Amino acid sequence: RQMGRGGGAVGFAVYLDRLGRDNNKTAYDVDTLLLYDESADLAALYAAADTLRQEGSVALQKEIPDKLSYRRICRFKDGEVKPL
């Protein structure tokens, strides 16, 4: 209106910081899926997860989630991480 036009307006925005995010996506949601059960010593489980995080991201789950992709899967049993 200030410029003498009577038409509607259209606007858009480009967030430059978000442009690179999709290019950096990996093929997996997490690097390691670590399965455990109710009998697991939680302190030992968390310590094992911290060690695995040095190699990448870790998800702790009791069961394999339907929509989670992972590079590798391991089981925490008897205080040890064992690849499946």
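Helices (H or I, at least four residues) and strands (E, at least two) are DSSP runs, numbered from the N terminus. Keep that in mind as you work through these exercises.

The structure is a predicted model, where local features need pLDDT of at least 70 and side-chain atom pairs count only at pLDDT 80 or more, while totals for chains, interfaces and linings use all residues. Residues are numbered from 1 along each chain as its sequence is written, and side-chain values use heavy atoms, with hydrogens and water left out.

**Exercise 1. Place Phe 12 and describe its surroundings on the surface.**

Step 1: Start with the sequence. Phe 12 sits in the segment before α1 (16-19).

Step 2: Check how open it is. Buried means under 20% relative accessible area, exposed over 50%, and partly exposed in between (1.4 Å probe, protein chains only). Phe 12 counts as exposed because its relative accessibility is 74%.

Step 3: Look for partners. Phe 12, Val 14 and Leu 16 make up a nonpolar surface patch, and together they have about 400 Å² of accessible area. Patches take residues with over 30% relative accessible area and no salt bridge, joining like charges within 9 Å and nonpolar side chains (Val, Leu, Ile, Met, Phe, Trp, Tyr) within 5 Å. A salt bridge here is a side-chain nitrogen of Lys or Arg within 4 Å of a carboxyl oxygen of Asp or Glu. The areas come from the Shrake-Rupley method with a 1.4 Å probe, and for residues only the protein chains shown count as cover.

**Exercise 2. Work out the overall layout of the chain.**

Step 1: Count the elements. You'll find two helices and four strands.

Step 2: Read them in order. The pattern along the sequence is α-β-α-β-β-β.

Step 3: Ask about burial. Of the 84 residues, 19% count as buried.

Step 4: Turn to contacts (heavy atoms within 4.5 Å). Among those between residues at least 6 apart in sequence, 72% join residues at least 24 apart.

**Exercise 3. Put the sheet together, strand by strand.**

Step 1: Know the rule. Two strands pair if DSSP finds at least two bridges between them.

Step 2: Take β1 (residues 30-35) and β3 (residues 70-77), which pair in the parallel sense over five bridges. In this pairing, Leu 34 stands opposite Cys 74 in β3.

Step 3: Move on to β4 (residues 80-83), which runs antiparallel to β3 and is joined to it by four bridges. Cys 74 faces Pro 83 in β4, and Arg 75 stands opposite Lys 82 in β4. The hairpin of β3 and β4 has two residues between the strands, and Asp 78 takes a positive phi near 55 degrees there.

Step 4: Join it all up. The four strands form an open sheet in the order β2-β1-β3-β4, with mixed pairing. At the edges are β2 (58-61) and β4, each pairing on one side only.

Step 5: Add the helix. α2 (residues 42-52) lies across β1, β2, β3 and β4, and runs at about 155 degrees to β2. For such angles, axes are lines fitted to C-alpha atoms, for helices over the stretch in contact, and values run from 0 to 180 degrees between N-to-C directions.

**Exercise 4. Compare sequence separation with distance in space for two loop residues.**

Step 1: Ala 27 is in the loop between α1 and β1. Ala 27 and Tyr 70 are 43 residues apart in sequence, with 8.2 Å between them in space, C-alpha to C-alpha.

Step 2: Arg 53 lies in the loop between α2 and β2. Arg 53 and Thr 32 are 21 residues apart in sequence and 8.5 Å apart in space, C-alpha to C-alpha.
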